[in-house]
Amino acid sequence: QVQLVESGGGLVQAGVSLRLSCAASGRTFSRAAMAWFRQAPGKEREFVAGIWDGGATNYAASVKGRFTISRDYADNTLYLQMNSLKPEDTALYYCAVGRIVTAKVDAYDYWGQGTQVTVSS
């Protein structure tokens, strides 16, 4: 059974960094696209960053230049390095696996349970 488990969230002050991890098990995703989404209370789930098989990346405009997505094929793990965090980055962060990198939520086949990131001002 495919399982995605996120970790690394927490309560931090604005300006600091966090690194999120998403450990995948149950199958390898070497040919899959992987992505991070986030959902703040009362808002829709939104695309944050995605990475294609081969390493090409896409970012939401709101995080470009601050966040970096990467993947470790050997460990089947997805990462999101988040620098210069802002209060508006507060959300539940999810990793997802699909066939293409897209901002469309329903294009992804597998989702994790999420890890909470809270940024105080």
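Which residue's side chain meets that of Glu46 in a salt bridge? The partner is Arg38, with N and O 2.6 Å apart. Please keep in mind that this is a predicted model. The briefing below starts from that pair and follows the charged network, then turns to the disulfide, the nonpolar cores, the aromatic rings and one loop residue.

**Salt bridges and their network**

- The structure holds 3 salt bridges, and a network of such bridges links Arg38, Glu46, Arg66 and Asp89.
- As general background, side chains of opposite charge can pair when their charged atoms come close.
- In the Glu46–Arg38 pair, Glu46 is partly exposed because its relative accessible area is 36%, while Arg38 is buried at 6%.
- Arg38 also forms a salt bridge with Asp89, and here the closest N and O atoms are 2.9 Å apart. Asp89 sits in the loop between strand 8 and strand 9 and Arg38 in strand 4, so this pair ties together parts that are 51 residues apart in sequence.
- Arg66 and Asp89 meet through their side chains in a salt bridge too, at 2.8 Å from N to O. This pair links distant parts of the chain, 23 residues apart: Arg66 is in the loop between strand 6 (57-59) and strand 7, and Asp89 is in the loop between strand 8 and strand 9.
- Arg66 counts as buried because its relative accessible area is 11%, under the 20% cut-off.

**A closer look at Asp89**

- Where does Asp89 lie? Its place is the loop between strand 8 (77-82) and strand 9 (91-98).
- Why does Asp89 count as buried? The reason is its relative accessibility of 1%, as buried means under 20%.
- Setting aside residues up to four places away in sequence, Asp89 touches Arg38, Arg66, Phe67, Ser84, Val117 and Val119.
- Two of those contacts, Arg38 and Arg66, are the salt-bridge partners described above.

**The disulfide**

- The structure holds 1 disulfide, and it joins Cys22 to Cys95 with an S to S distance of 2.0 Å.
- The torsion about the S-S bond of Cys22 and Cys95 is about 45°, so this disulfide is right-handed.
- Cys22 in strand 3 and Cys95 in strand 9 are 73 residues apart, and the pair links these distant parts of the chain.
- Are the two cysteines buried or exposed? Cys22 counts as buried because its relative accessibility is 0%, and Cys95 is likewise buried at 0%.

**Nonpolar cores**

- How many residues make up the largest nonpolar core? There are 27, and those with the most contacts inside the core are Trp36, Val48, Phe67, Leu78, Leu80, Met82 and Tyr93.
- At least two residues of this core come from each of these elements: strand 3 (18-25), strand 4 (33-39), strand 5 (46-51), strand 7 (67-72), strand 8, strand 9 and strand 11 (115-120).
- Separate from this is a second core of 7 residues, which includes Ala35, Phe37, Phe47 and Ala96.
- Leu80 is a good residue for tracing the packing: leaving aside neighbours within four places in sequence, Leu80 is in contact with Leu18, Arg19, Leu20, Trp36, Val48, Ala49, Phe67, Thr68, Ile69 and Tyr93.
- In soluble globular proteins generally, nonpolar side chains tend to be buried together.

**Aromatic pairs**

- A search of the whole structure finds 5 aromatic pairs.
- One of them joins Tyr94 and Trp111: the ring centres are 6.3 Å apart and the planes stand at 80°, so the pair is edge-to-face.
- Tyr94 lies in strand 9 and Trp111 in strand 10, so the pair ties together parts that are 17 residues apart in sequence.
- Tyr94 counts as buried because its relative accessibility is 9%, whereas Trp111 is partly exposed at 24%.
- Ring pairs gather Phe37, Phe47, Tyr94, Tyr108 and Trp111 into a cluster; among them, Phe37 and Phe47 also belong to the second nonpolar core.

**Ala107 in its loop**

- Ala107 is found in the loop between strand 9 and strand 10 (108-111).
- Ala107 is partly exposed because its relative accessible area is 24%.
- Not counting residues up to four places away in sequence, Ala107 touches Gly98 and Thr102.
- Ala107 and Gly42 are 65 residues apart in sequence, and their C-alpha atoms are 22 Å apart in space.

Definitions and conventions: Residues are numbered from 1 along each chain as its sequence is written. This is a predicted model: local features need pLDDT of at least 70, side-chain atom pairs count only at pLDDT 80 or more; totals for chains, interfaces and linings use all residues. Side-chain values use heavy atoms; hydrogens and water are left out. Helices (H or I, at least four residues) and strands (E, at least two) are DSSP runs, numbered from the N terminus. Buried means under 20% relative accessible area, exposed over 50%, partly exposed in between (1.4 Å probe, protein chains only). Contact means heavy atoms within 4.5 Å. A nonpolar core is a set of buried Ala, Val, Leu, Ile, Met, Phe, Trp, Tyr and Cys residues joined through side-chain atoms within 4.5 Å. A salt bridge is a side-chain nitrogen of Lys or Arg within 4 Å of a carboxyl oxygen of Asp or Glu. A disulfide is a pair of cysteine sulfur atoms within 2.5 Å. Rings of Phe, Tyr and Trp (its six-membered ring) pair if their centres lie within 6.5 Å; planes under 30 degrees apart count as stacked, over 60 as edge-to-face and the rest as tilted.
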